[in-house]
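Student: Please take a close look at one part of this model, namely its charged side chains and how they are placed. I should like a single connected account.

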Amino acid sequence: MEERYVDQFLSRPVETVTPSTPLAEAAAALIEHDIGALVVVNEMNQFVGLLTATDFVALAKEEAPAAEATVAEWMRTDVITTTRQTPISDVADTMIEHLIHHVPVVDGEEVVGIITTLDLTASIS
C-alpha cells in the first residue's frame, strides 16, 4: 500500500484566534464555523496553543468564566503538532495513543492546517 501523508488530508484554512481574543468570541467562532478546535497564534501567525470544544465543556464544569476572560487563560499549550510530510498513519497512532481529536499542522512555527478525526475518516474512505 502506498504511504499517504498529512498534506493529502489536512483541513485548511484553519480557524485561528489570538491569546487576547475574548473567550465568548472564541466560543462564537467554534459555533459559527461548526468546528471543534481553534488554533491559537501570536501576532506573527506562529502557533502558541489550541482551544477545543472539550476545553469549553471542562470550563463549564469548573466555573463560569469572567466576562473579560480571554483565550490565553484557557488554551492548551502542551499541544502535539505534526508536519505535512508525516505519514497519516503515524498521526492516527498518535491521536489514539493520546486520546486527542485535533493535531495542528505546522511548517516551522507557522500553522498550515489541522488534522482532525474527521480527516482521518476521510483518509480511509
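Tutor: Aspartate 93 is a suitable starting point: with a relative accessible area of 49%, it is partly exposed. Here buried means under 20% relative accessible area, exposed means over 50%, and partly exposed lies in between (1.4 Å probe, protein chains only). The model is predicted, so local features need pLDDT of at least 70 and side-chain atom pairs count only at pLDDT 80 or more, whereas totals for chains, interfaces and linings use all residues. Residues are numbered from 1 along each chain as its sequence is written, and side-chain values use heavy atoms, with hydrogens and water left out.

Aspartate 93 belongs to helix α4, which covers residues 88-98; helices (H or I, at least four residues) and strands (E, at least two) are DSSP runs, numbered from the N terminus. Together with Glu2, Glu3, Asp90 and Glu97, Asp93 makes up a negative surface patch. Such patches are made of residues with over 30% relative accessible area and no salt bridge, like charges being joined within 9 Å and nonpolar side chains (Val, Leu, Ile, Met, Phe, Trp, Tyr) within 5 Å. Lys and Arg count as positive and Asp and Glu as negative, while His and the chain ends are not counted. The place of a charge is NZ of Lys, CZ of Arg, CG of Asp or CD of Glu.

Other charges are paired. Side chains of opposite charge can pair when their charged atoms come close. A salt bridge requires a side-chain nitrogen of Lys or Arg within 4 Å of a carboxyl oxygen of Asp or Glu, and the count by this rule is 3.

One of them joins arginine 12 to aspartate 7, with 3.4 Å between the closest N and O atoms. Aspartate 7 is partly exposed at 32% relative accessibility, as is arginine 12 at 45%.

Another links arginine 76 and aspartate 55, at 2.5 Å from N to O. Because arginine 76 lies in the loop between α3 (71-74) and α4, and aspartate 55 in helix α2 (residues 53-62), this pair ties together parts 21 residues apart in sequence. Aspartate 55 is buried, at 9% relative accessible area, whereas arginine 76 is partly exposed, at 36%.

Aspartate 107 and arginine 84 also form a salt bridge, their closest N and O atoms being 3.6 Å apart. Aspartate 107 lies in strand β4 and arginine 84 in the loop between α3 and α4, so parts 23 residues apart in sequence are tied together. Both are partly exposed: aspartate 107 has a relative accessible area of 47% and arginine 84 one of 27%.

Methods
Areas by Shrake-Rupley, 256 points an atom, 1.4 Å probe, with all protein chains shown as cover.
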